[in-house]
Amino acid sequence: MPRAASMSTHHSHRAPQKPKAEDPHRASTDRSAKAFLKWTSALAGGVLLATVSTTAVHAAPSATGQAGAAAGTYVALGDSYAAGAGVPAQSAGLCMRSDHDYGRLVAESLASGTYRDVTCAGAKVNALTTAQTDAGAVVNGPQLDAVTPDTTLVTLTVTGDNLGTSDFGFGDVAVTCSALSVTDPLGTPCRDYYGNTLDERLGSAAAQLDSALRLVRARAPRARVLVVGYPAVLPDDPAQCLGKMPVTAGDLAFLRSILGRLNDTVATTAGADGATYVDTLTPTRGHDSCSSSPWIEGLFPASPALPLHPNATGERAMADAVLGALGG
């Protein structure tokens with residue numbers, strides 16, 4: 001979802017409900033949240049610098065790929081989860097594309113004739129049809145420009161970044177929850193802060209995703225389209241994260257529910273448009289950011305990856321889920 005550095009886009013999003021002006025306590029909390037977000041941005045940047053100098057671990061391609069899917073052109077679309085942001089080796093500048101993102105692993109397994117990877121960190125759904133920019137400079141062109149009539153396979157992971165107002169997407173929300181935890185350690189200050197805002201953002205993003213999938217079908221009528229969901233960032237039992245994430249117990253449950261609704265929204269939209277939904281939550285359960293064997297890193301990554309993002313093993317698990325769906 002997020003990029004390692006703060007970036008601006010042409011996309012506008014509805015902000016969380018703002019604290020009332022006469023509430024200095026909440027105003028102070030907002031300042032804390034912004035400071036914490038800046039710290040997370042710096043942390044992510046440090047992770048990126050570390051990954052640039054880290055030797056990539058090459059996993060053997062899966063043998064489950066189907067020969068039929070290799071014909072023609074394979075196009076990978078999506079956000080930082082699709083780009084493998086932070087996983088060595090990185091390219092494409094601020095898009096943070098990894099040569100071990102799940103799309104590349106799938107392409108290698110299928111021995112695809114032509115592979116186009118236009119994934120980019122920080123991509124909201126609008127990035128499929130609108131260029132992403134940073135300080136006025138184009139970071140990535142409209143991703144759907146890569147989809148052409150000869151395209152026979154499309155994979156797509158997007159919508160998570162629409163949860164946040166910044167390019168940090170879900171990480172934006174997690175940081176806000178962390179900052180708010182000090183205001184009510186035994187309550188649900190983050191859930192109270194957001195109210196229905198995140199559901200509204202998901203609803204808006206779903207409508208945009210529906211339109212984008214229709215465009216994919218119009219541009220590449222022969223393509224098989226796989227919409228890849230998000231992995232197990234948090235465990236089914238949020239209590240497992242206590243002491244590992246600076247968020248209240250109630251808000252950990254809230255965050256887990258938001259991630260569930262994110263995947264449900266993406267799956268429903270994919271099905272309505274005739275695309276195949278790929279479940280990556282189930283195969284990554286037990287390897288969430290709070291587990292003893294994480295495939296998704298926590299707020300303080302122990303392996304090369306952005307905070308709350310898949311590491312190399314997580315990208316491999318996502319690739320295997322895609323290959324399994326193609327073989328079905």
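Biologist: Helices here are DSSP runs of H or I with at least four residues, and strands are E runs of at least two, numbered from the N terminus. With that settled, how many helices and strands does the protein chain have?

Modeller: Keep in mind that this is a predicted model. Counting along the protein chain, its secondary structure comes to 10 helices and 9 strands.

Biologist: Nice! In what order do the 5 strands of the open sheet stand?

Modeller: Let's begin at the edges, β4 (114–117) and β9 (276–278), since each of these pairs on one side only. The pairing in this sheet is parallel, and the twist averages 20° from one strand to the next. Reading across the 5 strands of this open sheet gives the order β4-β1-β7-β8-β9.

Biologist: Which residue in β9 stands opposite Val-227?

Modeller: Strands β8 (residues 224–228) and β9 pair in the parallel sense, over 3 bridges. Val-227 falls inside that range of β8. Look straight across into β9, and the residue facing Val-227 is Tyr-277.

Biologist: What angle does helix α7 make with β8?

Modeller: Helix α7 covers residues 197–219 and packs on the sheet, where it touches β7 (151–157) and β8. Helix α8 (residues 249–272) lies across β8 and β9, and its angle to β9 is about 155°. For α7, the angle between its direction and that of β8 is about 155°.

Biologist: Let's go inside. Which element gives the largest share of the largest nonpolar core?

Modeller: That core has 53 residues, and Leu-77 and Met-245 have the most contacts inside it. Two or more residues each come from β1 (73–78), β7, α5 (170–180), α6 (189–194), α7, β8 and α8. The largest share is 8 residues, and the element that gives it is α8.

Biologist: Leaving aside its neighbours within four places in sequence, which residues is Leu-77 in contact with?

Modeller: Leu-77 is a good place to click in the viewer, as it is one of the two residues with the most contacts inside the largest core. Once its neighbours within four places are set aside, the list includes Ala-82, Val-118, Thr-119, Leu-128 and Gln-143. The rest of the list is Leu-144, Val-147, Val-154, Thr-155, Leu-156 and Thr-157.

Biologist: How many residues does the second, separate core have?

Modeller: In soluble globular proteins, nonpolar side chains tend to be buried together. In this model a second, separate core includes Tyr-74, Leu-153, Leu-226 and Leu-323. Its size in residues is 19.

Biologist: How many residues of α5 are buried?

Modeller: Here a residue counts as buried when its relative accessible area is under 20%. The buried residues run from Phe-170 through Leu-180, with Asp-172, Thr-176 and Ser-178 among them. Helix α5 is therefore largely enclosed by the rest of the structure, and its count of buried residues is 11 of 11.

Biologist: Which helix holds the partner of Cys-177, and which residue is that partner?

Modeller: A disulfide joins Cys-177 to its partner, with 2.0 Å from S to S. The torsion about the S-S bond is about -65°, so this disulfide is left-handed. Cys-177 lies in α5 and its partner in another helix, so the pair ties together parts that are 13 residues apart in sequence. The helix is α6, and the partner is Cys-190.

Biologist: Is the link of Cys-95 and Cys-120 left-handed or right-handed?

Modeller: Cys-95 lies in the loop between β2 (90–91) and β3 (97–98), and Cys-120 in the loop between β4 and β5 (132–134), so the disulfide ties together parts that are 25 residues apart in sequence. Cys-95 is buried, with a relative accessible area of 0%, and Cys-120 is buried at 0% too. The angle about the S-S bond is -85°, and the link is left-handed.

Biologist: How far apart in sequence are the parts that Cys-241 and Cys-290 tie together?

Modeller: This disulfide has 2.0 Å from S to S, and with 110° about the S-S bond it is right-handed. Cys-241 and Cys-290 are both buried. Cys-241 sits in the loop between β8 and α8, and Cys-290 in the loop between α9 (281–284) and α10 (312–327), so the distance in sequence is 49 residues.

Biologist: Last one! What is the pairing of the bonded cysteines in sequence order?

Modeller: A search of the whole structure finds 3 disulfides. Number the bonded cysteines along the protein chain, and the pairing reads 1-2, 3-4, 5-6.

Terms used
Residues numbered from 1 in each chain as written. Predicted model: local features only at pLDDT ≥ 70, side-chain atom pairs only at ≥ 80, totals over all residues. Heavy atoms only, no water. Pairing = 2+ DSSP bridges. Axes fitted to C-alpha atoms, helices over the stretch in contact; angles between N-to-C directions. Contact = heavy atoms within 4.5 Å. Core = buried A, V, L, I, M, F, W, Y, C linked by side-chain atoms within 4.5 Å. Buried < 20%, exposed > 50% of the residue type's maximum accessible area, 1.4 Å probe, protein only. Disulfide = S-S within 2.5 Å.
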